[in-house]
Amino acid sequence: MTPGRRPQKPKPRRSRAAPERNRLSIAPAYGAGPGPARVAGISGPRLTRARRRARMGRMEERRQAPASRLIDDDELDDLEREFVGRLRGRVLEIGAGEGENFGALHSDVEWVGLEPDAARRAELATRAREWGHRAEPLDARAEAIPLPDHSVDGVVATYVLCSVDDPAIALAEVRRVLAPGGRVVFIDHVVAPPHTAKRAVQRAATPFTAKFCHGCHWDRDSARALAEAGFLGDDVRPLRVRSMPFGPVPTLLFDGHAP
Ligand SMILES: C[S@@+](CC[C@H](N)C(=O)[O-])C[C@H]1O[C@@H](n2cnc3c(N)ncnc32)[C@H](O)[C@@H]1O
């Protein structure tokens, strides 16, 4: 804890809902029952082989999906503090909300915050001053960061990639403002592995969550977006966070750097 700074209890995190079911339990038993082709009596063996290959492909994809550890909210809070606390130097926080991460930032960090929501930004400004940060939060979106190229040493965003309008444009902007080799920390709930019931639920729910939950997308593949934006992972942890009533929420902690 930084001397002279007001201790801050982390705010409860947003709901990370969507039911988790045993992935294998949703797949019909391999080869069970007559397929449509057998029922129809046309091209039976060929179609059955194609379906089997597709099913084998899905099973292999599930098998190769990175194993994710199941944790609870307290452990997530500890991990968030650890990851955010690794940043040093001039750090840009995008979608800084009401300053939920101030307590986790290292005391040497020169904080620059960006928050498009006016009410949150006003609260953020107050709390930033209380924590001794001098920069006024920027009224901007991640898709158009009003900072020069290579002007920050690090970027942090927690539970923001799910909300931005366009993750690819936002991440390209992050790369632009980040110094070469600069550190990035992204933490977010993410889409479940392919061919799972949870992923199907996330896909179905997202039009509603995006409309009614401040633009929150339940089905963002942020690991892929980060890789496509060219970020290299140094400590990447796919986790599942216990949550009620819908079950564990796939969550990604990404500590990496720009090449
Ligand atoms: C779920 S809140 C997370 C707030 C905070 N980072 C935290 O961890 O508690 C998402 C934040 O992203 C902000 N946001 C939404 N769209 C954004 C965008 N395009 N660029 C930057 N921030 C955005 C919202 O205003 C909101 O403050």
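**Figure 1. Helix 5 has the length you'd expect.** At 1.5 Å a residue, the 13 residues of helix 5 should span 18 Å, and the C-alpha atoms at its ends are 19 Å apart, which agrees. Keep in mind that you're looking at a predicted model here. Which residues of helix 5 are buried? They are Arg-121, Leu-124, Arg-127 and Ala-128. Look down the axis of helix 5 and these buried residues fall within an arc of 130°, so they line one face of the helix. That face packs against strand 3, residues 110-114. Now flip your attention to the other side of helix 5, where Ala-118, Ala-119, Thr-126 and Arg-129 are exposed. Just after the helix comes Gly-132, with a positive phi of about 85°.

**Figure 2. Ala-128 sits in helix 5 and is buried.** Helix 5 covers residues 118-130, and Ala-128 belongs to it. Why does Ala-128 count as buried? Because 23 other C-beta atoms lie within 10 Å of its own, and the cut-off for buried is 20 or more. Skip the neighbours within four places in sequence, and Ala-128 is still in contact with Gly-99, Trp-111, Gly-113, His-133 and Pro-137. Take Gly-99 from that list: Ala-128 and Gly-99 are 29 residues apart in sequence, yet their C-alpha atoms are 6.9 Å apart in space.

**Figure 3. Helix 4 has a buried side and an exposed side.** Helix 4 runs over residues 73-84, and at 1.5 Å a residue its twelve residues should span 16 Å; the C-alpha atoms at its ends are 16 Å apart, which agrees. Its buried residues are Glu-80, Phe-83 and Val-84. These cover an arc of only 90° around the axis, which puts them on the same side of helix 4. What covers the buried residues of helix 4? The cover includes strand 4 (152-158), strand 5 (178-189) and strand 7 (249-257). Over on the other side of helix 4, Asp-74 and Asp-78 are exposed.

**Figure 4. Val-91 is a buried residue of strand 2.** You'll find Val-91 in strand 2, which covers residues 90-94. Is Val-91 buried or exposed? Val-91 is buried, because 24 other C-beta atoms lie within 10 Å. Leaving out residues up to four places away in sequence, Val-91 touches Val-109, Glu-110, Trp-111 and Val-112, as well as Val-152, Asp-153, Gly-154 and Val-156. Then there's Leu-178, which is 87 residues from Val-91 along the chain, while the C-alpha atoms of the two are separated by 9.2 Å.

**Figure 5. The ligand and the residues around it.** How many residues surround the ligand? There are 20, and the closest are Gly-95, Gly-97, Asp-117, Ala-142 and Thr-158. If you sort the shell around the ligand by kind of residue, you get seven nonpolar, five polar and eight charged.

**Figure 6. Two histidines with a positive phi.** His-195 isn't a glycine, but its phi is positive all the same, near 60°. Where is His-195? Look in the loop between strand 5 and helix 7, the helix of residues 197-212. His-195 counts as partly exposed, because it has 17 C-beta neighbours inside 10 Å. His-214 is another non-glycine with a positive phi, this time of about 55°. His-214 belongs to the loop between helix 7 and helix 8, the helix of residues 222-228. With 12 C-beta neighbours inside 10 Å, His-214 counts as exposed, since the cut-off for exposed is 12 or fewer.

**Figure 7. Zooming out: the chain as a whole.** Count up the secondary structure and you get eight helices and seven strands. The chain has 259 residues, and 33% of them count as buried. Now take the contacts in the chain with a separation of 6 or more: residues 24 or more positions apart account for 66% of them. How confident is the predictor, and what is the average pLDDT? The chain averages 83, with 78% of the residues scoring at least 70. Go easy on residues 1-44, though, where pLDDT stays under 50. The model has 55 contacts beyond four places in sequence for that stretch. Where pLDDT is low, the predicted coordinates should not be read in detail.

Methods: Residues numbered from 1 in each chain as written. Predicted model: local features only at pLDDT ≥ 70, side-chain atom pairs only at ≥ 80, totals over all residues. Near = placed C-beta within 6 Å. Nonpolar A, V, L, I, M, F, W, Y, C, P; charged D, E, K, R; others polar. Helix = DSSP H or I, 4+ residues; strand = E, 2+ residues; numbered from the N terminus. Expected span 1.5 Å × (residues − 1). Arc of directions from axis to C-beta. Contact = placed C-beta atoms within 7 Å. pLDDT = per-residue confidence, 0-100.
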